[in-house]
Amino acid sequence: MSPDRNSDLSRRIREKAAAVFAEIRAIRRDIHAHPELSYEEFRTSAIIHEYLKGLGIEPEPQFLETGVVAVLEGEAEGAASGPQIALRADIDALPLSEENACEFSSRTAGTMHACGHDMHTAMLLGAASILSSMRHELRGSVLFIFQPAEEKAPGGARPLIDAGIFKRFNPAAIIGQHCFPNVPSGSVALCKGSFMAAADELYFTISGQGGHASAPHKAADPVLAAAHIITACQHLVSRVAPPHEPAVVSISSIQGGHAPNVIPSRVVMSGTMRTMNEEVRALLHEKLRQTVRHVGEGLGVEAEVEIRQGYPVLYNDPEITRNAAIACSEYLGREHVIDSEPLMTAEDFAYYLQERAGTFWQIGTGLPDQDRSNMLHSPTFYPDEEALGTGAGLLAYSAMRFMDFLGGGKR
Ligand code: NI
């Protein structure tokens, strides 16, 4: 495709994004005022369903109880054999109470869209609107995935895959985005390769023999053992993980004992492990189990660790991410495309990327005068709504450009 064609396409999509802005902002505010927790997104799913139908996009039969999946077939010549591009938004809210006071603040006590999934939903609906108005130009198809339950293990992505979404559809690439207040509104940040961490929960049980604190030789002290285990676990990052591989082990909770003169019989602890490489992750799991068991044995107590595996490493395909950066530069201008560092947070989009090549980028929602109160998962998270138009247009433009990149079209 020629540069002229791309700049014309980008201009037309920006105009369409501006035209749909008020509509998707109203949807975002409605969803924001009526947040729903993971797997309970019935109202939100109904809004999505209705909107897509209004665009002439018929939602597919349900894969899960909540969430919506739909396909937009292109109508350009050869579209039937063109590539399918999947675009995904997560739709659930978090269990916390909103502290912003505005006309669309959460009306459900204890539930808030504090991670911007209301924004993601509205942006993807905006992209659907833009793309449906251009279906005669689409040289492939677009799979829209409105996914439930990103915030609650085991997440919604894995169940969607287990329910056969990739047996039924075969996207050549998948793109997802997440609001980030650290990225200026109007910009996007991308990262090639490992972008987000595998997040595993650690649960320790240390069983000894309780007794009088004045006679420790007649007891087996799990408190002392706990102290040694906490310290010993730090060697996993400093002496087991390769120095060039990021890893975190944090033991963040410890409970045991109730009186100054009583050695308790049990201590329980919990923590988190974050890794950016599945081999390092497996190695640290094995060494953690060994360390905990052997330190406990050496100190005369029984120590076990249970590892609950969370989301895997989120790996952005380098080639797809390079092409995404090209599309983003064409649409936003090169100065609005930022290289992101890897993050130690986790995201269940990682499961799709184990099945299909794709990329997950950060869509900027930050304004210059905002401070720490605007963090994700905070009760005062307040994204810039202008990002709705940016994100909707960017998804639509990228989907069309990926049909060029993956469909063998000339560039
Ligand atoms: Ni989120």
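## Nickel site, sheet and helices

Three protein atoms serve as donors to the nickel ion: Cys115 (SG), His117 (NE2) and His178 (NE2), at 2.1 to 2.3 Å from it. Donors are N, O and S atoms within 2.8 Å of the metal (3.2 Å for Na, K and Ca); water is not among the atoms, so sites may look incomplete. This is a predicted model, in which local features need pLDDT of at least 70 and side-chain atom pairs count only at pLDDT 80 or more, while totals for chains, interfaces and linings use all residues. Residues are numbered from 1 along each chain as its sequence is written, and side-chain values use heavy atoms, with hydrogens and water left out.

**The metal site.** The donor spacing in sequence is C-x1-H-x60-H. The two histidines link distant parts of the chain: His117 sits in helix α3 (residues 117-132) and His178 in strand β4 (residues 173-184), 61 residues apart. Helices (H or I, at least four residues) and strands (E, at least two) are DSSP runs, numbered from the N terminus. Both histidines are listed below with two cysteines and a serine. Buried means under 20% relative accessible area, exposed over 50%, and partly exposed in between (1.4 Å probe, protein chains only).

| Residue | Relative accessible area | Class |
|---|---|---|
| His117 | 0% | buried |
| His178 | 5% | buried |
| Cys179 | 0% | buried |
| Cys233 | 0% | buried |
| Ser250 | 30% | partly exposed |

**Cysteines.** A disulfide is a pair of cysteine sulfur atoms within 2.5 Å. The count is 0 disulfides. Cys179 is in none; its nearest cysteine sulfur belongs to Cys115, 7.9 Å away.

**The sheet.** Seven strands form an open sheet with mixed pairing, in the order β1-β3-β2-β4-β15-β5-β14. Two strands pair if DSSP finds at least two bridges between them. The edges are β1 (68-73) and β14 (337-339); each has a single partner strand, so one side of each lacks a neighbour in the sheet. From one strand to the next, the twist averages 30°.

Strand β3 pairs on both sides. With β1 it runs antiparallel, joined by 6 bridges; Val69 has Ile145 of β3 as its bridge partner. With β2 it runs parallel, through 7 bridges. There, Ile85 is partnered by Val142 of β3. In β3, 7 of the 7 residues are buried, so the strand is largely enclosed by the rest of the structure. Ser141, Leu143, Ile145 and Gln147 point one way, and Val142, Phe144 and Phe146 the other.

Farther along the order, β5 (residues 188-190) and β15 (residues 358-366) are antiparallel and share 2 bridges. Val188 stands opposite Ile363 in β15.

**Helices on the sheet.** Contact means heavy atoms within 4.5 Å. Axes are lines fitted to C-alpha atoms, for helices over the stretch in contact, and angles run from 0 to 180 degrees between N-to-C directions. Helix α2 (residues 42-54) packs on the sheet, touching β1 and β3 (141-147), and its direction makes about 15° with that of β1. Helix α11 (residues 386-406) lies across β2 (84-90), β3, β4, β5 and β15, running at about 155° to β15. Of its 21 residues, 19 are buried, so α11 is largely enclosed by the rest of the structure.

How far apart are the end C-alpha atoms of α11? They are 30 Å apart, which agrees with the expected 30 Å at 1.5 Å a residue. The expected span is 1.5 Å times one less than the number of residues.

**Around Ser250.** Ser250 lies in strand β9 (residues 247-256). Not counting residues up to four places away in sequence, Ser250 touches Gly271 and Thr272. Arg274 is 24 residues from Ser250 in sequence and 8.8 Å away, C-alpha to C-alpha.
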